Amino acid sequence: MSALPQDATGFTIRPFAAADLTPAADLWVASWALTMPDIDFEARRPWFLQHVETLTAGGTRILVAQEIATGILAGFVMIEPVSRYLDQLAVAPAYWGRGAAEALMAAARSASPAGIVLDVNQDNPRAVAFYRRAGLEITSAGANPMSGRTTWRMEWTPKPSPAEG
């Protein structure tokens, strides 16, 4: 699959490649370590690496945001189009607030046009606010099976166009 069109923020969205695994794991650890410093995400790196393998084998699409100017991997999103489940959206801290997350969310919507469902930690207000701005609504509460932290189930379902009624 070829790269998707670049977006106005300076990122190219493209399919995940094997060479992206280590940089993706590095940015996942760095992003989560800043978000939830009380959890040792470096110790969870092996879980993440296995998780990527398991999800891709099951049909999950992984798309990456690569900065055009430098070629650096800025973030990634994991979306399973059949279930509509967005498993991960992670952006390297150096790219927070620079449009990578928005570009990845747009790519997730394109990959899963029927809608998106995700779980987000309730004590991650930055992510909750981002998903709300992206049009997702809280539909229920739950708990993260790894950390036990409370979560929100959030969903986005496209609105019918006026022609569809």
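## W47 and its partner

W47 sits at 31% relative accessibility, so it counts as partly exposed; keep in mind that this is a predicted model. What about W28? At 3% relative accessibility, W28 counts as buried.

These two rings form a tilted aromatic pair, 5.8 Å centre to centre with 35° between the planes. W28 belongs to helix α1 (residues 21-35) and W47 to helix α2 (residues 45-57), so the pair ties together parts that are 19 residues apart in sequence.

## More rings

The pairing doesn't stop there: ring pairs link W28, W32, F41, W47, F48 and F76 into a cluster. One of these rings, F41, has R44 lying over its face, 5.4 Å from the ring centre.

The count of aromatic pairs comes to seven. Take F11 and Y95: their ring centres are 5.9 Å apart and their planes are at 70°, so this pair is edge-to-face. It links distant parts of the chain, with F11 in strand β1 (residues 11-15) and Y95 in the loop between β4 (85-91) and α3, 84 residues apart. F11 is buried at 1% relative accessibility, and Y95 is buried too, at 7%.

## The nonpolar core

Nonpolar side chains tend to be buried together in soluble globular proteins. Here, the largest nonpolar core has 49 residues, and F76, L86, L89, M105, I116, Y131 and L136 touch the most other members. Helix α3 (residues 100-111) gives the most to this core, with eight residues.

Want to look around I116? Leaving out residues up to four places away in sequence, I116 touches I79, R84, L86, M105, A108, R109, L136, M154, E155 and W156. Among those neighbours, R109 lies over the face of W156, at 4.2 Å from the ring centre.

Note on methods: Residues numbered from 1 in each chain as written. Predicted model: local features only at pLDDT ≥ 70, side-chain atom pairs only at ≥ 80, totals over all residues. Heavy atoms only, no water. Core = buried A, V, L, I, M, F, W, Y, C linked by side-chain atoms within 4.5 Å. Buried < 20%, exposed > 50% of the residue type's maximum accessible area, 1.4 Å probe, protein only. Helix = DSSP H or I, 4+ residues; strand = E, 2+ residues; numbered from the N terminus. Contact = heavy atoms within 4.5 Å. Phe/Tyr/Trp six-rings, centres within 6.5 Å; stacked < 30°, edge-to-face > 60°. Lys NZ or Arg CZ within 6 Å of the ring centre and 35° of its normal.
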